[in-house]
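Please open the model in your viewer and keep the selection tool at hand. The stops below say what to select next and what is there.

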Amino acid sequence: MNWFKRILRAKEPELRDWQIVTAKNKEQQSQATIRLRVRKPPLPDGCVFDCAVEISWPYEGPNGYPSADVNQQQLAFETALDDLSGMNGFSELVQVSTGMGKKDWLYYTSDQDRFMRDLNALLAGHEPYPIQINFYQDPGWQIWSDVVAAVQGKNA
């Protein structure tokens, strides 16, 4: 089930946890669309999601956004990774940004090795995607919280 279907089936409070915003870079005359979880998700008891996982997919496209073909590939990629977030107990998707020549997915996980094992298993049978994956130790969720603070400051 893709993210949009899952969020539409979610309970009302969970819907309020997400926002879609546009970030503009006036100097570069470009923008990005960000799907952002604005409240930290409830974590399983005893779990510490201290590792940020950034998956980046660079592309060239009109106005900094992906072409229709690339967008369809990115949607297939994201749909394949649906099970990396939510009720699995070891990782959560908290942000997706698209624009300025790349698409980024930001997850937090308690287990980097399991995250990679599951990601590879979920993508088995897919053609290779042009992605880069970086891991950051971020026990305070600073990467995510900086974006949330910027968005909430913009909306204030």
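**First stop: strand β1**

Select Gln19, which sits in strand β1 (residues 18-25). Keep in mind throughout that this is a predicted model. Gln19 is partly exposed, with a relative accessible area of 28%. Now add Arg39 to the selection: it lies 20 residues from Gln19 along the chain, and the C-alpha atoms of the two are separated by 10.0 Å.

**Second stop: the sheet**

Show the strands as a cartoon. In what order do the strands of the open sheet lie? The order is β1-β2-β4-β5-β3-β6, which makes 6 strands with antiparallel pairing. At the edges are β1 and β6, each of which pairs on one side only. Ignoring direction, neighbouring strands of this sheet are turned by 20° against each other on average.

Next, pick out helix α4, which packs on the sheet and touches β3, β4, β5 and β6. The direction of α4 makes about 160° with that of β6.

Move to strand β2 (residues 30-37) and strand β4 (residues 91-99): they run antiparallel and are joined by 5 bridges. Select Arg35 and look across to β4, where Val96 stands opposite.

**Third stop: strand β3**

Select residues 51-58, which make up strand β3. Of its 8 residues, 6 are buried, so β3 is largely enclosed by the rest of the structure. On one side, 8 bridges join β3 to β5, and the two run antiparallel. Glu54 has Leu106 in β5 as its bridge partner. β3 also pairs with β6, again in the antiparallel sense, over 6 bridges. For this pairing, select Ile55 and find its bridge partner in β6, Ile133.

**Fourth stop: Lys103 and the loop before β5**

Select Lys103, in strand β5. Is Lys103 buried or exposed? At 4% relative accessibility Lys103 counts as buried, because the cut-off for that is under 20%. Leaving out residues up to four places away in sequence, Lys103 touches Ile55, Ser56, Trp57, Tyr59, Gln74, Glu78, Val96, Ser97 and Thr98.

Then select Met100, in the loop between β4 and β5. Its phi is near 60°, a positive value in a residue other than glycine. Met100 counts as partly exposed, at 38% relative accessibility.

**Fifth stop: helix α3**

Two of the residues touched by Lys103, Gln74 and Glu78, are also among the buried residues of α3. Select the whole helix, residues 68-80. At 1.5 Å a residue, its 13 residues should span 18 Å, and the end C-alpha atoms are 18 Å apart, which agrees.

Colour the buried residues of α3: Val70, Gln74, Phe77, Glu78 and Ala80. Looking down the axis of α3, you will find them within an arc of 160°, so they line one face of the helix. An α-helix has 3.6 residues a turn, so residues three or four places apart point the same way. Now colour Ala68, Asp69 and Gln72: these exposed residues are on the face of α3 turned away from its buried side.

**Sixth stop: the aromatic rings**

Show the side chains of Phe, Tyr and Trp. A pair of aromatic rings is described by the distance of the centres and the angle of the planes. The model has 8 aromatic pairs. One of them is Trp57 with Tyr129, a tilted pair at 5.4 Å centre to centre, with 50° between the planes. This pair links distant parts of the chain: Trp57 is in strand β3, Tyr129 is in the loop between α4 (112-122) and β6 (132-137), and the two are 72 residues apart. Both Trp57 and Tyr129 are buried.

How is the pair of Tyr108 and Trp141 arranged? Their ring centres are 4.1 Å apart and the planes are at 5°, so the pair is stacked. Tyr108 in strand β5 (residues 102-109) and Trp141 in the loop between β6 and α5 (142-155) are 33 residues apart, so this pair too links distant parts of the chain. Tyr108 is buried, with a relative accessible area of 0%. Trp141 is buried as well, at 2%. Stay on Trp141 to check its backbone: phi is positive, about 55°, although Trp141 is not a glycine.

For the last selection, take Trp57, Phe77, Trp105 and Tyr129 together, which form one aromatic cluster.

Technical notes:
Residues are numbered from 1 along each chain as its sequence is written. This is a predicted model: local features need pLDDT of at least 70, side-chain atom pairs count only at pLDDT 80 or more; totals for chains, interfaces and linings use all residues. Side-chain values use heavy atoms; hydrogens and water are left out. Rings of Phe, Tyr and Trp (its six-membered ring) pair if their centres lie within 6.5 Å; planes under 30 degrees apart count as stacked, over 60 as edge-to-face and the rest as tilted. Helices (H or I, at least four residues) and strands (E, at least two) are DSSP runs, numbered from the N terminus. Buried means under 20% relative accessible area, exposed over 50%, partly exposed in between (1.4 Å probe, protein chains only). The expected span of a helix is 1.5 Å times one less than its number of residues. The arc is that of the directions from the helix axis to the C-beta atoms. Contact means heavy atoms within 4.5 Å. Two strands pair if DSSP finds at least two bridges between them. Axes are lines fitted to C-alpha atoms, for helices over the stretch in contact, and angles run from 0 to 180 degrees between N-to-C directions.
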